[in-house]
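Student: I've never seen this one before. Could you walk me through its charged side chains?

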Amino acid sequence: MDMSRITLRPFKLSDIDDFMVWANDDQVIRFTRMKGFTSKEDGLRHLKEVAIPHPWRRSICLDDRSIGFVSIYPGSGEYICKGDIGYAVATQYCGQGIATIAVKMALFSVFLDFPHMERLQALVNSENKASQRVLEKAGFLKEGLMRKYMVFKGKTSDYVSFSFISTDSVPEL
């Protein structure tokens, strides 16, 4: 994969057709809070009201076509020092290193965009081995297993905690 073809950028309403493909794929949204979209209008509403105004949600693009997302959820108040990361990539691009590249790209800018943030963390469903590998390749430290941590889509699930500290080194792209 030519890494120069991969970019992160804010979502645009013109992403709707590409967005509807991956955002309605059960394999893509399996471990996310997304529930899929019933219509193009529903997807447009999500882009307008959620994705575009989000403090740090970027479209993962291949040749400027949306194939996934990466989001940073910055903390506030006593949690201003931390943020959470989430991401997903279209099924046809899984296993090609694109998610890892996107997470690394996010790491290069997130601590500049949020100067109070010192810790970026990810909580990954213990069954999501691919996402755990992405984080490890991107330089995150595996902190531990949190048993019966959360009810997710009707099932109590174990989660694995990962962190990246602002002084950690981002592995080369």
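Tutor: Sure, let's go through some salt bridges in this predicted model.

Student: How many salt bridges are there in total?

Tutor: Oppositely charged side chains can pair up when their charged atoms come close. Here, a pair counts when a Lys or Arg side-chain nitrogen is within 4 Å of a carboxyl oxygen of Asp or Glu. By that rule, the count is 10.

Student: Which part of the chain holds the salt-bridge partner of Arg9?

Tutor: Arg9 meets Asp64 in a salt bridge, at 2.7 Å from N to O. The pair links distant parts of the chain, 55 residues apart: Arg9 sits in strand β1 (residues 6-10), and Asp64 is in the loop between β2 (57-62) and β3 (65-74).

Student: Is Arg9 buried or exposed?

Tutor: Buried means under 20% relative accessible area. Arg9 has 12%, so Arg9 is buried.

Student: Which residues are linked with Arg9 in a network of salt bridges?

Tutor: We've already met Asp64, which pairs with Arg9. The network of salt bridges links Arg9 with Lys12, Asp15 and Asp64.

Student: What about Lys82, is that residue buried or exposed?

Tutor: Lys82 pairs with Asp84 in a salt bridge at 3.1 Å, N to O. Asp84 is partly exposed, at 21%. Lys82 has a relative accessible area of 18%, which makes Lys82 buried.

Student: Where does Glu127 sit?

Tutor: Glu127 forms a salt bridge with Lys155, at 2.7 Å from N to O. Those two are 28 residues apart, with Lys155 in strand β7 (residues 155-165) and Glu127 in the loop between β5 (119-125) and α5 (129-137).

Technical notes: Residues numbered from 1 in each chain as written. Predicted model: local features only at pLDDT ≥ 70, side-chain atom pairs only at ≥ 80, totals over all residues. Heavy atoms only, no water. Helix = DSSP H or I, 4+ residues; strand = E, 2+ residues; numbered from the N terminus. Buried < 20%, exposed > 50% of the residue type's maximum accessible area, 1.4 Å probe, protein only.
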